[in-house]
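Open the model in a viewer with the backbone shown as ribbons. The stops below follow the chain and then turn to the interior.

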Amino acid sequence: MDKNVISVKIVEEKKDVSTGIIYRKRIAVCQNVVPEILRKVNILKVPNVQLEEESWFNPQERNMAIRSHCLTWTQYASMKEESVFRESMENPNWTEFIQKGRISITGAGFLNCVLETFASTFLRQGAQKGIRIMEMLLKEQCGAPLAE
């Protein structure tokens, strides 16, 4: 549901029969969104970026955890993201969203800081986009109105 996502392939899927937890591992191919000015650096001149995402969905406890990281540029950058969607303690009809991200870039000299700033902004915008997409999916599937 993101215009920058080219393809997503499920590479592993299994259900733990004792807990009911559904595990999925997916590989996403996305357009390289690094600004053109930064793509002057040779290592950033790639058309696509690959991400690996693992998710654990527990329908009994009504929660889902997602962990993702970038497979491209692993020798120069570490970008990891962890998200949790869970039922709110205040109201079972509400969903709490918790997200953490870590970015570390090495080997780019003075550009390390610039690239880390771009990556941080990109992850923040991605979190906001993820919330909008999740709200839209919940509304489609549950028919519940969104809180304004």
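**Stop 1: E1 and E2**

Select strand E2, residues 22-31, together with E1; in this predicted model the two strands are antiparallel partners, joined over 9 bridges. The range of E1 is 5-15. For a single pair to label, take Glu 13 and its bridge partner Arg 24 in E2. Now move to the turn. E1 and E2 make a hairpin with 6 residues between the strands. Gly 20 lies in this turn, and its phi is positive, about 80 degrees.

**Stop 2: the segment before E1**

Step back to Asn 4, which sits in the segment before E1. Is Asn 4 buried or exposed? Asn 4 counts as buried, because its relative accessible area of 16% falls under the 20% cut-off. Show its surroundings: beyond the neighbours within four places in sequence, Asn 4 is in contact with Val 29, Cys 30, Gln 31, Val 33 and Lys 129.

**Stop 3: the whole sheet**

Zoom out and colour by strand. The 6 strands form an open sheet in the order E1-E2-E3-E4-E5-E6, with antiparallel pairing. Which strands stand at the edges? They are E1 and E6 (95-105); each has a single partner strand, so one side of each is left without a neighbour in the sheet. Ignoring direction, neighbouring strands of this sheet are turned against each other by 15 degrees on average.

The protein has 1 helix in addition to its 6 strands. Read from the N terminus, the elements run β-β-β-β-β-β-α.

**Stop 4: E3 to E6, pair by pair**

Select E3 (residues 48-58) and E4 (residues 63-70). These strands pair in the antiparallel sense over 8 bridges. Asn 58 has Asn 63 in E4 as its bridge partner.

Next add E5, residues 77-87, which is antiparallel to E4 and pairs with E4 over 7 bridges. Label Ser 68 and its bridge partner in E5, Glu 81. The hairpin of E4 and E5 has 6 residues between the strands, and Trp 73 there takes a positive phi near 65 degrees.

Then add E6. The antiparallel pairing of E5 and E6 covers 11 bridges. Met 79 stands opposite Ile 103 in E6.

**Stop 5: Glu 82**

Stay on E5 and select Glu 82, which belongs to this strand. Its relative accessibility is 30%, and Glu 82 therefore counts as partly exposed. Which residues does Glu 82 touch, not counting those up to four places away in sequence? Its contacts are Ile 66, Arg 67, Ile 98, Gln 99, Lys 100 and Arg 102. For a distance to draw, use the C-alpha atoms of Glu 82 and Ser 55: they are 9.7 Å apart in space, and the two residues are 27 apart in sequence.

**Stop 6: the nonpolar core**

Show side chains for the largest nonpolar core. This core has 9 residues: Val 34, Leu 38, Leu 44, Val 49, Cys 70, Trp 73, Ala 77, Ile 105 and Leu 115. Trp 73, already visited in the hairpin of E4 and E5, is one of them.

Centre on Val 49. Apart from residues up to four places away in sequence, Val 49 touches Ala 28, Val 29, Cys 30, Asn 32, Cys 70, Thr 72 and Trp 73. Two cysteines, Cys 30 and Cys 70, are therefore included among the contacts of Val 49.

**Stop 7: the cysteines**

Select Cys 30 and Cys 70. How many disulfides does a search of the whole structure find? The search finds 0. The cysteine sulfur closest to that of Cys 30 belongs to Cys 70 and lies 9.0 Å away, which is too far for a bond, because a disulfide needs the sulfur atoms within 2.5 Å. Cys 70 is likewise in no disulfide. Cys 30 counts as buried at 11% relative accessibility, and Cys 70 counts as buried at 8%.

**Last stop: the protein as a whole**

Switch to a surface view. About 10,300 Å² is exposed, and carbon and sulfur atoms supply 55% of this area. Of the 148 residues, 25% are buried. Among contacts with a separation of 6 or more, 37% are between residues 24 or more positions apart.

Key: Residues numbered from 1 in each chain as written. Predicted model: local features only at pLDDT ≥ 70, side-chain atom pairs only at ≥ 80, totals over all residues. Heavy atoms only, no water. Core = buried A, V, L, I, M, F, W, Y, C linked by side-chain atoms within 4.5 Å. Buried < 20%, exposed > 50% of the residue type's maximum accessible area, 1.4 Å probe, protein only. Contact = heavy atoms within 4.5 Å. Helix = DSSP H or I, 4+ residues; strand = E, 2+ residues; numbered from the N terminus. Areas by Shrake-Rupley, 256 points an atom, 1.4 Å probe, with all protein chains shown as cover. Pairing = 2+ DSSP bridges. Axes fitted to C-alpha atoms, helices over the stretch in contact; angles between N-to-C directions.
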